[in-house]
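Here is a short briefing on one protein chain and its ligand. Look over the sequence and the model first, then read on.

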Amino acid sequence: MNRSVLNKKINKENIHALKRDRQHLTSFLHKQSDSAIIYLLEKLGRLESEFSSEPLVDLLKHSNETIRSLAIKNLAKVNAISLLGVFAASAKNDTSTEVRREAVSAIGRLRNEKAISILIDLVSDQDPKVVMQAIRGLLVFPTNIEAKKELVKLKNHPNELIKEIISKEVDNVSCVSVSSEHHDKFPLYLKNTIVHSDVMNVFKHIPDEAVHLTFTSPPYYNARDYSIYQSYEEYLRFLEGVFLEVHRITKEGRFFVLNTSPIIIPRISRAHASKRYAIPYDIHPYLIKMGWEFIDDIVWVKPEASAKNRNAGFLQHRKPLGYKPNAISEMVMVYRKKTGKLIDWNIRQYGSDKTKESRVLGKYETTNVWYISPAFNRFHKAVFPIELCERVIKYYSFVNDLVFDPFAGIGTLGKAAIDLNRNYFLTEQEAQYVSHMKEDFSKRSSLLRLDRVSPRFVNLADFVMLCRKENP
Ligand SMILES: C[S@@+](CC[C@H](N)C(=O)[O-])C[C@H]1O[C@@H](n2cnc3c(N)ncnc32)[C@H](O)[C@@H]1O
């Protein structure tokens with residue numbers, strides 16, 4: 001039966017009458033189809049303490065798990081300690097995880113000390129969802145010694161979410177921030193500074209928690225002429241070193257957005273196969289291990305005409321296994337520096353004016369598939385389209401924040417930062433790209449008459465001097 005028919009059949013007045021008359025409710029629940037019962041249970045609304053629970057308790061024997069789960073949800077509204085035994089039986093014996101979780105939630109909602117021993121029993125359950133719900137119930141009694149003792153034991157639970165909740169709630173552990181009171185500030189010598197150097201030499205002169213957002217596209221593994229790694233292993237180790245430092249210099253709870261894609265090293269002759277490296281997937285475990293929390297995977301999709309055609313062979317022979325799709329996507333992986341604090345905490349570090357000024361107004365991308373044409377540049381073979389940088393900056397930083405690109409190339413991130421009233425800090429090791437940035441950035445700043453964003457180009461020695469001047 002569809003919902004509009006049900007809506008007519010079970011209207012507000014019927015529901016009101018059913019709630020007041022136990023006999024009527026019992027016979028309704030016996031006669032109706034599953035969908036009608038579910039509809040009623042979803043619409044039951046508030047239940048006063050004089051509501052007669054028996055018809056709903058009977059439903060806990062129903063074969064449909066949605067009905068059992070909704071019955072418990074409604075019984076929890078009655079808030080009667082007399083139902084504790086009913087909830088405990090469902091929490092222990094029901095065959096459905098969802099019904100058991102709902103039952104534990106109902107026990108917790110009673111907020112009654114009589115429930116503590118049952119909740120303690122449930123924290124040793126095999127199902128992590130049930131355990132988490134039981135933990136929630138026990139946290140209501142912060143001064144109860146037994147409850148606390150059981151919660152502490154869960155520090156070594158095999159489930160990572162349970163461990164996280166316990167360390168946050170019981171040990172009160174969240175990654176301790178060195179500078180959370182200056183969350184919107186950053187060292188001034190980094191402001192709109194471009195360092196011509198290997199980024200690994202620059203990191204030594206950047207303090208912990210200095211930048212708000214990093215967006216970067218690392219050098220490709222041997223796919224372009226600036227790549228010089230002996231092996232894939234060495235390449236991954238290099239990136240691991242860079243991203244560990246990015247983690248250190250990122251402020252608590254702030255974002256790191258990484259653009260990579262699998263690459264192909266072409267075959268050396270017809271007698272050999274080409275080799276494909278799944279860079280985003282290979283880097284991901286390193287990032288998680290070093291303390292980045294995975295937030296989102298955005299797929300950047302380019303027009304097919306811009307991709308290298310790999311279809312010529314298959315188009316002719318059409319033989320299975322020889323299929324080679326044209327690669328028109330790249331990954332834009334979003335990570336957050338792990339912390340016990342919610343994103344709301346980060347937002348609250350800014351005043352209301354700054355928050356208002358930073359709002360993402362107008363049309364914005366609602367999905368994780370971003371259609372953006374690639375950019376071509378005569379000086380650099382692999383540049384970001386500015387639109388990609390603009391989206392990342394707008395969605396993941398506030399006005400006047402410091403955004404960082406360790407592999408700056410010709411500085412597309414910096415240009416987008418200027419346009420969006422953010423500050424930038426860039427490093428690039430190739431002299432030709434730094435010279436190009438020098439020309440381009442000066443033009444851009446004077447064109448926009450933005451003295452406040454005049455770029456500061458330095459080599460490593462000058463950068464060290466700047467750092468010492470600000471931190472004597
Ligand atoms: C994929 S490109 C980035 C292009 C940039 N997103 C843009 O829009 O111009 C990677 C850049 O990293 C630079 N690079 C590679 N290794 C580096 C290192 N150790 N330190 C600093 N820059 C490096 C390369 O010279 C190259 O310009």
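How many Å separate the centres of domain 1 and domain 2, taken over C-alpha atoms? The answer is 45 Å. Keep in mind that this is a predicted model.

**Domains**
- The domain assignment splits the protein chain into domain 1 and domain 2.
- Domain 1 covers residues 46–169.
- Domain 2 covers residues 182–470.

**Helix H15**
- Helix H15 spans residues 279–289.
- Ile279, Ile283 and Leu287 are buried in this helix.
- Seen down the axis of H15, the buried residues fall within an arc of 55 degrees, so they line one face of the helix.
- Tyr281, Pro285 and Lys289 sit on the other side of H15, and these residues are exposed.
- The cover over the buried residues of H15 includes helix H14 (232–249).
- Strands also help to cover them, among them E3 (250–260), E4 (263–265) and E5 (275–277).
- Strands E6 (292–301) and E7 (329–337) are included in that cover too.
- Gly291 comes just after H15 and takes a positive phi of about 110 degrees.

**Around the ligand**
- The ligand has 20 residues around it.
- Of these, Val383, Phe407, Gly409, Thr412 and Gln429 come nearest.
- Helix H13 (199–203) and strand E10 (423–428) are the elements that give two or more residues to this shell.
- By type, the shell around the ligand holds 11 nonpolar, 6 polar and 3 charged residues.

Definitions and conventions
Residues numbered from 1 in each chain as written. Predicted model: local features only at pLDDT ≥ 70, side-chain atom pairs only at ≥ 80, totals over all residues. Buried ≥ 20, exposed ≤ 12 C-beta atoms within 10 Å, placed from the backbone. Helix = DSSP H or I, 4+ residues; strand = E, 2+ residues; numbered from the N terminus. Arc of directions from axis to C-beta. Contact = placed C-beta atoms within 7 Å. Near = placed C-beta within 6 Å. Nonpolar A, V, L, I, M, F, W, Y, C, P; charged D, E, K, R; others polar. Domains from an automatic or database assignment.
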